[in-house]
Amino acid sequence: MLLFGGAAFAQQEQTGPTLEEITEAWLASPHADGSTGAFTHWNDEGEIPGTCAVCHSTTGVTDYLSGTRDLVGALDHPVPIGEVVECSACHSDAAEALQTVPFVSGAMIDGLGASAVCSVCHQGRAATTTVAAAVEGMAEDDVSPDLRFINVHYAPAAATLLGSAVQGGYEYEGRDYRGPFTHVPDFAQCTDCHRPHSLEVVSIDNCTVCHQGAETFSEIRLSPLDFDGDGNVTEGIADPIATLHARLGEAIGVYAAEVVGTPVVYADSFPYFFTDTDSDGTASEAEAAFPNRYQSWTPRLLRAAYNYQFVAKDTGAHVHNPHYALQLLHDSLSDLSEQVEVDMSDLVRP
């Protein structure tokens, strides 16, 4: 089992903010916004299914943490609609005692401390094992009617942070991947970098003692290697991640058009990948509709698309585990390059 050191919850400190300040911060957070789809999606159904209830209701997470957790991130029963993530979701006896969290890949991570309750929901809902099981026994470049896009889900920060320990991204066989991203002791827990009630990121001023000169988090650089081959080794690590992510999107489009024969386009709307009916590389409003979802998946295309989405849905990947994100993008590009032209000569794998 993997062990993490832990600091106390900031909200447990007696010298911390007042109850009024805590309430005000929580009310302004996504956890309290009952108007969003995260809490209203099931209104027409009248209940939240057990597969979604743990992260989308206070009753769900409370039942999960006080139970046996046999189903990873899910319950065997629905819960009522009309709730948000309230105080008791994170401040129950079960939540504050939580140390070991099961992940979708089958990993059990122990000693997570204050990050344990955050990791229950912010780990995504798919992993290497999910994708590998879906494509098992299939020819790499044959379209299969049995395949559909596998979405990691949203804000999988814990999966990024823990890297290969939980295999949240699709990890290609024969390649090594970075494990948990470790940091200085004062910045080892989720609540060391995110304000526990508003969820806002703390000031960059807390980082500039070590990362001198950085005015934004995206400007922080962790390595002198030229990962994206642009000759710039002083830009923030977020830049090569964004560059490789864009190049992967382009390579996915080329592969779909040239190998599959059905153009694909990405849009930030479920289920994310759609048939590019006019082959212009842009998802129009008409194209980004569920009936036009992309349905010509091959194993090679599905793996690359999964990693593209994994990095897209963790907007803080450059902070949570930048080298893990770069490895996923690099290897996805390399795999596609076996079938379409992808220039890998200038890329450096972490």
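This note covers three helix packings, one loop and one pocket in a predicted model.

1. Helices H11 and H12. H11 spans residues 238-260 and H12 spans residues 299-313. Their axes come within 10 Å and cross at roughly 155°. Angles over 145 degrees count as roughly antiparallel, and H11 and H12 are therefore roughly antiparallel to each other. The crossing is left-handed.

2. The H11–H12 contact. From H11 come Ile241, His245, Leu248, Gly249, Ile252, Tyr255, Ala256 and Val260. H12 answers with Arg300, Leu301, Ala304, Ala305, Tyr308, Val311 and Ala312. By class, the contact holds twelve nonpolar, two polar and one charged residues.

3. Helices H11 and H14. These two pack at an angle of about 25°, and their axes are 9 Å apart. The cut-off for roughly parallel is under 35 degrees, so H11 is roughly parallel to H14. Here too the crossing is left-handed.

4. The H11–H14 contact. On the H11 side are Pro240, Ile241, Leu244, His245, Arg247, Leu248, Ala251, Ile252 and Tyr255. They meet Pro322, Ala325, Leu326, Leu329, His330, Ser332, Leu333 and Leu336 of H14. The split is 13 nonpolar, three polar and one charged. Ile241, His245, Leu248, Ile252 and Tyr255 of H11 deserve a check in the viewer: they touch H12 and also touch H14.

5. Helices H12 and H14. The axes of H12 and H14 come within 10 Å and cross at roughly 155°. H12 and H14 are therefore roughly antiparallel to each other. H12 passes H14 in a left-handed crossing.

6. The H12–H14 contact. H12 gives Arg300, Arg303, Ala304, Asn307, Phe310 and Val311. H14 gives Tyr324, Ala325, Leu328, Leu329, Ser332, Asp335 and Leu336. Eight of these residues are nonpolar, two are polar and three are charged. Some residues recur. Arg300, Ala304 and Val311 of H12 are in contact with H11 and with H14. On H14, Ala325, Leu329, Ser332 and Leu336 meet H11 as well as H12.

7. The S5–S6 loop. Two backbone features sit here. Phenylalanine 270 and proline 271 are joined by a cis peptide bond, with omega about 0°. Proline 271 lies in the loop between strand S5 (264-266) and strand S6 (273-275). Tyrosine 272 has a positive phi of about 80°, although it is not a glycine. Tyrosine 272 is in the loop between S5 and S6 as well.

8. The second largest pocket. Its volume is about 270 Å³. Helix H8 (128-135) and helix H14 (322-336) are the elements that give two or more residues to its lining. In total, 16 residues line this pocket. Glu140, Tyr170, Tyr172, Glu173 and Arg303 lie nearest its centre. By class, the lining has five nonpolar, two polar and nine charged residues.

9. Where the pocket and the helices meet. Arg303 is one of the residues nearest the pocket centre. Arg303 of H12 also takes part in the contact with H14. H14 in turn gives two or more residues to the pocket lining. The class counts are worth setting side by side: nine charged residues in the pocket lining, three in the contact of H12 with H14, one in the contact of H11 with H12 and one in the contact of H11 with H14.

Notes. Residues are numbered from 1 along each chain as its sequence is written. This is a predicted model: local features need pLDDT of at least 70, side-chain atom pairs count only at pLDDT 80 or more; totals for chains, interfaces and linings use all residues. Side-chain values use heavy atoms; hydrogens and water are left out. On a 1 Å grid over the protein atoms alone, a cavity is a set of points where a 1.4 Å probe fits but cannot get out, and a pocket is an open set with protein on both sides within 12 Å along at least five of seven lines; lining residues have an atom within 4 Å of a point. Grid points are joined across faces, edges and corners, and a volume is the space filled by probe spheres set on the points. Helices (H or I, at least four residues) and strands (E, at least two) are DSSP runs, numbered from the N terminus. Ala, Val, Leu, Ile, Met, Phe, Trp, Tyr, Cys and Pro count as nonpolar, Asp, Glu, Lys and Arg as charged, and the others, Gly among them, as polar. Axes are lines fitted to C-alpha atoms, for helices over the stretch in contact, and angles run from 0 to 180 degrees between N-to-C directions. Angles under 35 degrees count as roughly parallel, over 145 as roughly antiparallel, 65 to 115 as roughly perpendicular and the rest as oblique. A crossing is left-handed if the near helix is turned anticlockwise from the far one by less than a right angle, and right-handed if clockwise. Contact means heavy atoms within 4.5 Å.
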